[in-house]
Amino acid sequence: MLSFKRLAVSLRTLQKLAGAHRWHHTSLTNELIENMDKKATWDRFYTENGSKGQFKNFEWFFGFHSVKDFILPVLGTMSHSHHGPFNILDMGCGTSALGPCIYRASPCAVKVTCADISPVAVRLMEKHTNSASEQPCNPSSALAFLELDCTHLRGHFGTRSLDMILDKGTTDALVRSKEGQAKAGQIVRQCLQVLKPSGILLQFSDEDPDARLVWLEREVRGAELTADVGVREVGELRGVSYFCYEISPCTNPHS
């Protein structure tokens with residue numbers, strides 16, 4: 001039943017994606033459905049999109065303004081007991097403007113790392129950001145881009161080093177691909193290891209809570225650290241309901 005729901009949502013999402021880009025490349029659409037956990041798939045995807053001329057951010061689901069009220073207030077709450085910039089990871093950033101928008105909009109000092117498995121996406125983002133030369137709200141904020149397979153988070157980020165991890169569509173791409181569900185669970189468990197005790201993982205998804213919460217709670221039980229899992233509704237966009245799943249290390253694992 002869970003797999004059917006994931007497949008149904010995946011096809012709906014990819015149909016919207018194909019319509020938005022007026023794709024006639026059936027082979028690439030099919031490749032996305034089957035191989036969304038593969039680096040080569042995304043290199044090809046971003047190469048095609050980067051060849052269309054003027055750069056345009058590609059947003060899975062929605063852009064920053066749809067979720068800024070889920071992100072900025074969390075940073076504001078954390079700031080009462082925080083010293084120095086917040087370390088934020090936009091995991092599987094692609095060419096989304098989410099990370100750069102947080103860098104520009106956050107009144108709190110942030111160090112935003114936009115990471116993606118595709119070097120093509122990373123290069124496109126770096127080139128566009130350098131040419132835009134936009135300044136942050138807080139002069140102490142910083143923005144960086146990183147080629148990274150997010151199943152290897154621990155190889156790059158230290159234990160308890162991140163304040164916030166953002167996942168807008170990355171887990172969805174993995175759990176809906178042929179061989180990606182195990183990778184998605186691995187990423188959740190690694191996120192808990194690299195998050196600070198006060199940190200949080202925000203997963204933005206169009207998967208219904210009755211499926212995603214069951215999966216998340218199962219993956220969290222297999223982690224070295226226990227975690228709390230919650231959900232809030234983001235809202236409806238183009239007839240699809242979106243949710244924000246909040247996963248945070250338990251401050252008291254025995255409670």
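Student: Which helix is the place of Arg 123?

Tutor: Arg 123 is in helix H6, and H6 covers residues 119-132. Helices here are DSSP runs of H or I with at least four residues, strands are runs of E with at least two, and both are numbered from the N terminus. Before we go on, this is a predicted model, where local features need pLDDT of at least 70, side-chain atom pairs count only at pLDDT 80 or more, and totals for chains, interfaces and linings use all residues. Residues are numbered from 1 along each chain as its sequence is written, and side-chain values use heavy atoms, with hydrogens and water left out.

Student: Why is Arg 123 called exposed?

Tutor: Buried means under 20% relative accessible area, exposed means over 50%, and partly exposed is in between (1.4 Å probe, protein chains only). Arg 123 has a relative accessible area of 51%, so it counts as exposed. Across space, its C-alpha is 8.4 Å from that of Phe 145, though the two are 22 residues apart in sequence.

Student: What makes E2 and E3 a pair?

Tutor: Two strands pair if DSSP finds at least two bridges between them. E2 and E3 (residues 142-147) have six, in the parallel sense, so under that definition they pair. Thr 113 stands opposite Ala 144 in E3. The chain gets from E2 to E3 through H6, in a right-handed β-α-β crossover.

Student: What does right-handed mean for a crossover?

Tutor: Point the strands away from you: the crossover is right-handed if the path from the first strand over the helix to the second runs clockwise.

Student: What about the other neighbour of E2, strand E1: how many bridges join them?

Tutor: Six bridges, with E1 (residues 86-91) and E2 running parallel. Met 91 has Ala 115 as its bridge partner in E2. Here the chain crosses through helix H5 (residues 98-105), and this crossover is right-handed too.

Student: How do you know that E2 is mostly covered?

Tutor: Count residues: E2 spans 110-116, and six of its seven residues are buried.

Student: And what makes E7 largely enclosed?

Tutor: Nine of its 10 residues are buried, so the rest of the structure largely encloses E7. It has antiparallel partners: E5 through five bridges, and E6 (residues 227-237) through 10. Leu 202 stands opposite Glu 246 in E7, while Val 229 stands opposite Ile 247. The hairpin of E6 and E7 has two residues between the strands, and there Arg 238 takes a positive phi near 50 degrees.

Student: What makes a set of residues a nonpolar core?

Tutor: Its members are buried Ala, Val, Leu, Ile, Met, Phe, Trp, Tyr and Cys residues, joined through side-chain atoms within 4.5 Å. The largest such core has 32 residues, and Ile 71, Leu 202 and Phe 204 are among those with the most contacts inside it. Helix H4 gives the most to this core, with seven residues. Another core, of 29 residues, lies apart from it and includes Leu 146 and Cys 191.

Student: Why is Asp 90 called a lining residue of the second largest cavity?

Tutor: On a 1 Å grid over the protein atoms alone, a cavity is a set of points where a 1.4 Å probe fits but cannot get out, and lining residues have an atom within 4 Å of a point. Asp 90 is in that lining, along with residues including Trp 60, Met 91 and Lys 168.

How values were computed. 1 Å grid on protein atoms, 1.4 Å probe; cavity = no way out; pocket = protein on both sides within 12 Å on 5 of 7 lines; lining within 4 Å.
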